[in-house]
Amino acid sequence: MVEHRLNTEGADPLMLAGVNDRNIHEIGRLFSVKVVMRDDQLVLRGMIDSLERAVPVAQHMIELARLRAPFDTPDIARFADGVDALGVDGIVHPDEEVRIALPGSRRVIVPKSDGQRGYIRAIQDNDVVIGIGPAGTGKTYLAVAAAVDSLYKKRVKRIVLARPAVEAGENLGFLPGDLQEKVDPYLRPLYDALEDMMPHDRVSRAIEDSTIEIAPLAYMRGRTLSDAFVILDEAQNATRAQMKMFLTRLGLNSRVVITGDKTQIDLSNKSDSGLLEVEDILGSVEGIKVIYLDGKDVIRHRLVKDIIKAYAKVGGGEEQ
C-alpha cells in the first residue's frame, strides 16, 4: 500500500469533493484506492499501478475546482477513460480547453470528451461540418451552442434550424393549425436545446422576428441562406435529393452543421439516406469536415453508452 498526497490549496472543497463526497467516492470506486480530504491535501492510498492511474485524474479535478469549472461523476469516468487510453496526455489542461460562453444564460459550454472537443473545433474552423454519431453524443446540443455563440457575437444575423419531419411524411397539410403548430412536435428537441441556452422570452422574441427560424427540411427548397448559422438535425432521415438541396442553400457568410446517426434511419428504404453517401462525396472537399463521434462521447445517463454497445453487438447498429 502506497500513499500519495496532492495539494488542494485554492480549490473549492465542495466542488472537488462533490455533494456527499460523491466525487471522492467515484475516484475510489474507479481506481480501487482510498481517498481522504485532509486540510489542503487530497490523500490517495492504494497499489502503485492504481495510483498511477488515479493521480492524474485527481490532479485534473483539483485544477478544475480551482477554476470553479463544474464537473460531475460521469465526467470523472471520462477523465479515467482518457488516462487509460493515452496516459497523462488523455486529459486536456483547463487552460487549453475549448469553451463556448453564452452571456444570455451566463453559462459556459465545455466539451466532455476528445470527440466533442474535435467537433467544436471543426465547427469553428470550417464552413460545413458533418457530425455523425450515436444518440447522446452532443451533436445537436453543441451545434446549437455554437450557433447561439455566433449570433451573440454578431458573426451571423440569424440561426436556421431544420429537421426532416419523417414521422409526418414531410406532408403536414392534414394536421390542424398553422405551420408552426404543425411541425412543433417534430422540432421540439431543437427548441429544448435553444431554451437551455437562452432565456425563454428571448427565444420567443427571436422566433417572432425571424432571428431564429425552426422549420422542416422540406421548407428550405428554393431559398438562399446568407449571414446565417444553419443546422440540419437528424440528417440520416434526409433523402439524397434533400441533402443536395439543403447543402446548395448555403449563401455568403454562412456556416452549416449537419448532424445524424446512421443507425437510426427512419426512411422506408434506408439506402435512400443522404447521410450515407454525403461523407464519401464531400469528405475530401476543402472547407468541409466530417467528424465521427462514438460511445466514448455519450453524455446522457451512463446506461445509454451500455445500451449502444449492446445493440451494436447484436447487429442492431454500428457503434459509429
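This passage describes the fold, the nonpolar cores and selected surface and loop residues of a predicted protein model.

The protein has eleven helices and eleven strands. Of its 320 residues, 48% are buried. Contacts between residues at least 6 apart in sequence were examined across the protein; 70% of them join residues at least 24 apart. The exposed area is about 16100 Å². Carbon and sulfur atoms supply 50% of that area.

The largest nonpolar core holds 37 residues. Y119, V148, L194, I212, I214, F229 and I231 touch the most other members. Helices and strands both contribute. The helices α5 (114-125), α6 (139-152), α7 (179-195) and α8 (200-208) each supply at least two residues of this core. So do the strands β4 (100-102), β7 (158-163), β8 (212-216) and β9 (228-232). The largest share, nine residues, comes from α6. Another core lies apart from this one and has 26 residues. Among them are A54, V55, A65 and I76.

Strand β8 was examined further. Four of its five residues are buried, so β8 is largely enclosed by the rest of the structure. β8 pairs with β7 in the parallel sense, over five bridges. Within this pairing, I212 of β8 is the bridge partner of I159. I159 is also among the contacts of I212 when neighbours within four places in sequence are left aside. The other residues in contact with I212 on that basis are L151, L194, M198, A206 and I207. In a regular strand, side chains alternate between the two faces of the sheet.

Two loop residues have an uncommon backbone setting. Most residues other than glycine have a negative phi. D21, not a glycine, has a positive phi of about 60 degrees. D21 sits in the loop between α1 (13-17) and α2 (22-31). Its relative accessibility is 38%, so D21 counts as partly exposed. N253 is likewise not a glycine and has a positive phi of about 55 degrees. The loop that holds N253 runs between α9 (240-247) and β10 (255-260). N253 also counts as partly exposed, because its relative accessibility is 48%.

Nonpolar side chains also occur on the surface. L303, I307, Y311 and V314 form a nonpolar patch there. Together these four residues have about 430 Å² of accessible area. V314 lies in the segment after α11 (302-313). The relative accessible area of V314 is 69%, so this residue is exposed; the cut-off for that class is over 50%.

Technical notes: Residues are numbered from 1 along each chain as its sequence is written. This is a predicted model: local features need pLDDT of at least 70, side-chain atom pairs count only at pLDDT 80 or more; totals for chains, interfaces and linings use all residues. Side-chain values use heavy atoms; hydrogens and water are left out. Patches are made of residues with over 30% relative accessible area and no salt bridge: like charges are joined within 9 Å, nonpolar side chains (Val, Leu, Ile, Met, Phe, Trp, Tyr) within 5 Å. Accessible areas come from the Shrake-Rupley method with a 1.4 Å probe; for residues, only the protein chains shown count as cover. Buried means under 20% relative accessible area, exposed over 50%, partly exposed in between (1.4 Å probe, protein chains only). Contact means heavy atoms within 4.5 Å. A nonpolar core is a set of buried Ala, Val, Leu, Ile, Met, Phe, Trp, Tyr and Cys residues joined through side-chain atoms within 4.5 Å. Two strands pair if DSSP finds at least two bridges between them.
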